[in-house]
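This briefing is intended for a reader who wishes to relate sequence to computed structural features. Please consult the sequence and the coordinates shown here alongside the notes that follow.

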Amino acid sequence: VRQLRRRLVRFCATFYMQVAFVSSNVVCLALQLMLLGLFGWWVPTPRLMPAIGLCQQLSVLFIVNLNPFWHISVHREAGSRIPPGAILMCNHLCYVDSWIIASAV
């Protein structure tokens, strides 16, 4: 019974993560294509890139903040900014680390 319960919990967590990643990336792609379709014709590319980057940031925030399996703690004073030239590092070798760093910055 315990092994079955563990497998069920593991399956549900994996399914949740996959659905969250896919849905946030689909929404991000849709927003970016909408921006390009509506404004790409007459807005110069350098002015449009921050808006496209914002779509990606919103996707990252959606994944990281609505995920019940991750807890993120940022260790710096409130209101302080990251100094120019700072190097941000994670202590894991995982594809998710870049998402977590992006949400914490």
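The points below are grouped by topic, from the overall architecture to individual residues.

The structure is a predicted model. The chain contains three helices and zero strands, and its elements follow the pattern α-α-α when read along the sequence.

**Chain-level burial, surface and contacts**
- Of the 105 residues in the chain, 20% are buried.
- The exposed area of the chain is about 8,700 Å², and carbon and sulfur atoms supply 67% of that area.
- Among contacts in the chain with a separation of 6 or more, 67% are accounted for by residues 24 or more positions apart.

**Positive patch and Arg-5**
- Arg-2, Arg-5, Arg-6, Arg-7 and Arg-10 form a positive surface patch.
- One of these residues, Arg-5, is located in helix 1, which spans residues 2-39.
- Arg-5 has a relative accessibility of 54% and therefore counts as exposed, since the exposed class requires a value over 50%.

**Gln-32 and its surroundings**
- Gln-32 is likewise placed in helix 1.
- The relative accessibility of Gln-32 is 18%; because buried means under 20%, Gln-32 counts as buried.
- When residues up to four places away in sequence are not counted, Gln-32 touches Ile-52, Cys-55 and Gln-56.

**Two residues of helix 1 in summary**
- Helix 1 holds both Arg-5 and Gln-32; Arg-5 is exposed, whereas Gln-32 is buried.

Definitions and conventions
Residues are numbered from 1 along each chain as its sequence is written. This is a predicted model: local features need pLDDT of at least 70, side-chain atom pairs count only at pLDDT 80 or more; totals for chains, interfaces and linings use all residues. Side-chain values use heavy atoms; hydrogens and water are left out. Patches are made of residues with over 30% relative accessible area and no salt bridge: like charges are joined within 9 Å, nonpolar side chains (Val, Leu, Ile, Met, Phe, Trp, Tyr) within 5 Å. Accessible areas come from the Shrake-Rupley method with a 1.4 Å probe; for residues, only the protein chains shown count as cover. A salt bridge is a side-chain nitrogen of Lys or Arg within 4 Å of a carboxyl oxygen of Asp or Glu. Lys and Arg count as positive and Asp and Glu as negative; His and the chain ends are not counted. The place of a charge is taken as NZ of Lys, CZ of Arg, CG of Asp or CD of Glu. Helices (H or I, at least four residues) and strands (E, at least two) are DSSP runs, numbered from the N terminus. Buried means under 20% relative accessible area, exposed over 50%, partly exposed in between (1.4 Å probe, protein chains only). Contact means heavy atoms within 4.5 Å.
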